[in-house]
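Please open the model in your viewer with side chains shown as sticks, and follow the selections below in the order in which they come.

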Amino acid sequence: MALFSDADLDRFVTDGFVKIEEAFPREAGDRARALMWDMIGLSPDRPSEWTKPVIWATDHTGGGPFGEAIRSPRLAAALDQLTGRGGWAPRGSVGNAPIRFPHPSDAGDTGWHIDQNDPGPKGAWGVVTSRPRTMLALLLFSEVGQDDAPTRIRVGSHFDAARVLEPYGEEGLPFFTSGPILDEASADRPLAYATGLPGDVYLCHPFLVHAAQPHRGARPRFMSQVPFFLAEPLRPDAPTPLGRAVRLALG
C-alpha cells in the first residue's frame, strides 16, 4: 500500500517531516488517552490536581489501543515508503508519553535538539551521530491545537543538522552538547507545529531539530515519542527519502 505520492515524499525530503492524518483510528486514540489518565492517577474532571507542567507516563506495551496505534497498517506503509521495505523494526510499545498540562511553571525541557539516536561506542544511549539508528514518530492521543503545547518543528532543519554532525562521524556528540550547536545552526528556519487530532502521527527525519514548549491552553496534551529503529545506520547513499535528504544537505 502506497500512502504517499511522489509530491508527499518530495515535501518530506525538503521539510524533514510528514503528517499522517488518522494514522490509527481516532477511537483508539481516545481509548488510549483514557488509559493514560488512569495510569497517572489523574482525571480530566479534576483540574485542581494538575499541579505539574508535565508528567512522563511509562513506556506503554502494545496491547489494546496502544497496539492498534503502533501496529497500524497506515503507519507501517508510511515507514516502508520513507525507510524502504524492511528498513525499520516493528515495535511492541508506543514509547514514553510526556503529558503536558496548563501550568505557569517552566518544565525545563524545552530546548531545541534532535533525539539521542545511537548507543555510542560505550553502548550507553546519550549520543547524537551523523549515522543515526532511529527515526522519530510523534503519536497524538488528544486534540492538539496551537495553544496545547504542540511540539515545535524547525522546517528544513534536518539539512543543517546533517551538515553540522557530519564531521563528528559515527562517534557523534554527547546529547547535551549537541543541543546548543544544533539550535544555533537551525535558528533561521521557519516553524511548524505538531497539531492535530487523536490518531494523527508525525514522522520526522532523524536529523529534524524540534522542541517542546509550555502549555498555554486549557486541555492537557497527550502524545508519545516513538523511536523506530532503522535496519541499519542511515547513510547518505541510502536509496530512500531519508538518504536523499542527507545527500541534498551534504551536496
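Across this predicted model, the count of salt bridges comes to 17, and a few of them make good stopping points.

Begin by selecting R100 and D109, whose side chains form a salt bridge with the closest N and O atoms 2.8 Å apart. If you colour by accessibility, the two partners fall into separate classes: R100 is buried, because its relative accessible area of 5% lies under the 20% limit, whereas D109, at 24%, is partly exposed.

Next, select E166 together with R131, where a salt bridge spans 3.1 Å from N to O. This pair ties together distant parts of the chain, 35 residues apart: E166 sits in the loop between helix 5 (157–165) and strand 7 (173–174), and R131 in the loop between strand 4 (127–128) and strand 5. Here E166 is partly exposed, with a relative accessible area of 29%, while R131 is buried at 12%.

Move on to E143 and R219, which meet in a salt bridge of 3.6 Å, N to O. These residues are 76 positions apart in the chain, with E143 in the loop between strand 5 and strand 6 and R219 in the loop between strand 10 (210–211) and strand 11 (223–229). Both ends of this bridge count as partly exposed, E143 with a relative accessibility of 39% and R219 with 37%. Then select K19, R26 and D200, which are joined into one network by salt bridges that share partners.

Now turn to the aromatic side chains, among which a search of the whole structure finds nine pairs. Select F24 and F141, a tilted pair with 5.5 Å from centre to centre and 40 degrees between the planes. The two rings connect distant parts of the chain, 117 residues apart, since F24 belongs to the loop between strand 1 (17–20) and helix 2 (26–40) and F141 to the loop between strand 5 (134–140) and strand 6 (152–154). Is this pair made of buried or exposed residues? F24 counts as buried at 1% relative accessibility, and F141 is likewise buried, with a relative accessible area of 0%.

For a wider selection, take W37, W50, F101 and F222, which ring pairs link into a cluster.

Finish with R154 and W112, and rotate the view until you look onto the ring: R154 lies over the face of W112, at 3.9 Å from the ring centre.

Conventions. Residues numbered from 1 in each chain as written. Predicted model: local features only at pLDDT ≥ 70, side-chain atom pairs only at ≥ 80, totals over all residues. Heavy atoms only, no water. Phe/Tyr/Trp six-rings, centres within 6.5 Å; stacked < 30°, edge-to-face > 60°. Helix = DSSP H or I, 4+ residues; strand = E, 2+ residues; numbered from the N terminus. Buried < 20%, exposed > 50% of the residue type's maximum accessible area, 1.4 Å probe, protein only. Lys NZ or Arg CZ within 6 Å of the ring centre and 35° of its normal. Salt bridge = Lys/Arg side-chain N within 4 Å of Asp/Glu carboxyl O.
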